[in-house]
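Colleague: I am new to this model and would like to understand the reasons behind the labels. Could you take me through them one at a time?

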Amino acid sequence: MAKGGWVYILTNKPRGVLYTGVTANLPARIWQHRNGDGSEFARKYRLKMLVYAEQHEDISAAIWREKAIKAWQRAWKVRLIEEINPEWRDLWGDLVSL
């Protein structure tokens, strides 16, 4: 059976630097980013705010979606975020309360 996955977007402030990632365990991965153990890019720009996340039933689908979003223009990524999170609220609190 295939393991599910998540695509997520981090930022350092509303409409700030964006980082798109993929993971099988979203809470653990965001915890890593928040503690400076995530990607070098996220660490360099202090990207700790989770502003977007979407779940996929299959990790390969999540990887495909991550690659697609990474190829998008910035304006498309901003629109994607603002469709579900218009205030650019940090979704970490929602994640840890599950």
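Modeller: Let us begin with Trp76, which has a relative accessible area of 38% and is partly exposed; please keep in mind throughout that this is a predicted model.

Colleague: Why is Trp76 called partly exposed?

Modeller: The label needs a value between the limit for buried, under 20%, and the limit for exposed, over 50%, and the 38% of Trp76 falls between them, so Trp76 is partly exposed. Trp72, at 24% relative accessibility, is partly exposed by the same reasoning.

Colleague: What makes the rings of Trp72 and Trp76 a pair, and how are they arranged?

Modeller: Their centres are 6.3 Å apart, which is within the 6.5 Å limit, so they pair; their planes stand at 75°, over the 60 degrees required, and therefore the arrangement is edge-to-face.

Colleague: How many aromatic pairs does the search of the whole structure find?

Modeller: It finds five aromatic pairs. Another of the rings' arrangements is that of Phe41 and Tyr45, whose centres are 4.8 Å apart and whose planes are at 50°; since 50° is neither under 30 degrees nor over 60, the pair is tilted. Both residues are partly exposed, Phe41 with a relative accessible area of 37% and Tyr45 with 32%, and they form one aromatic cluster together with Tyr8 and Tyr19.

Colleague: How do you know that the side chains of Arg34 and Asp90 meet in a salt bridge?

Modeller: The N to O distance is 2.9 Å, and the limit is 4 Å, so the contact qualifies as a salt bridge. Arg34 belongs to helix α1 (residues 26-34), while Asp90 is in the loop between α4 (74-84) and α5 (92-96), so that the pair links distant parts of the chain, 56 residues apart. Arg34, at 27% relative accessibility, and Asp90, at 24%, are each partly exposed.

Colleague: How many salt bridges does the structure hold?

Modeller: The structure holds five salt bridges, and another of them joins the side chains of Glu54 and Arg65 at 2.6 Å, N to O. Because Glu54 lies in strand β3 (residues 49-56) and Arg65 in helix α3 (residues 59-71), the pair ties together parts that are 11 residues apart in sequence. Glu54 is at 13% relative accessibility, which is under 20%, and so it counts as buried.

Colleague: What separates Lys70 and Glu66 in helix α3?

Modeller: Being four residues apart, they are separated by about one helical turn. They form a salt bridge in which the closest N and O atoms are 3.1 Å apart. Glu66 counts as buried at 10% relative accessibility, whereas Lys70, at 43%, counts as partly exposed.

Colleague: Which residues of α4 are buried?

Modeller: They are Lys77, Val78, Leu80 and Ile81. Seen down the axis of α4, these buried residues fall within an arc of 160°, so they line one face of the helix. They pack against β1 (5-11), β2 (18-23), β3 and α3.

Colleague: Why is Ile81 called buried?

Modeller: Its relative accessible area is 0%, and buried means under 20%, so the label follows. Not counting residues up to four places away in sequence, Ile81 touches Ile9, Leu18, Val51, Tyr52, Pro86 and Trp88. The C-alpha atoms of Ile81 and Tyr52 are separated by 5.7 Å although the two residues are 29 residues apart along the chain.

Colleague: How many residues does the largest nonpolar core have?

Modeller: It has 12 residues, among them Ile9, Tyr52, Ile81 and Trp88, and the elements giving two or more residues to this core are β1, β3, α3 and α4. A second, separate core of 11 residues includes Leu26, Leu47, Trp92 and Leu95.

Colleague: What is the phi of Trp88?

Modeller: It is near 55°, a positive value in a residue other than glycine. Most residues other than glycine have a negative phi. Trp88 is found in the loop between α4 and α5 and counts as buried at 4% relative accessibility. Arg46, in the loop between α2 (40-44) and β3, also has a positive phi, near 55°, but Arg46 has a relative accessible area of 65%, which is over 50%, and so it is exposed.

Definitions and conventions
Residues are numbered from 1 along each chain as its sequence is written. This is a predicted model: local features need pLDDT of at least 70, side-chain atom pairs count only at pLDDT 80 or more; totals for chains, interfaces and linings use all residues. Side-chain values use heavy atoms; hydrogens and water are left out. Buried means under 20% relative accessible area, exposed over 50%, partly exposed in between (1.4 Å probe, protein chains only). The arc is that of the directions from the helix axis to the C-beta atoms. Contact means heavy atoms within 4.5 Å. A nonpolar core is a set of buried Ala, Val, Leu, Ile, Met, Phe, Trp, Tyr and Cys residues joined through side-chain atoms within 4.5 Å. Rings of Phe, Tyr and Trp (its six-membered ring) pair if their centres lie within 6.5 Å; planes under 30 degrees apart count as stacked, over 60 as edge-to-face and the rest as tilted.
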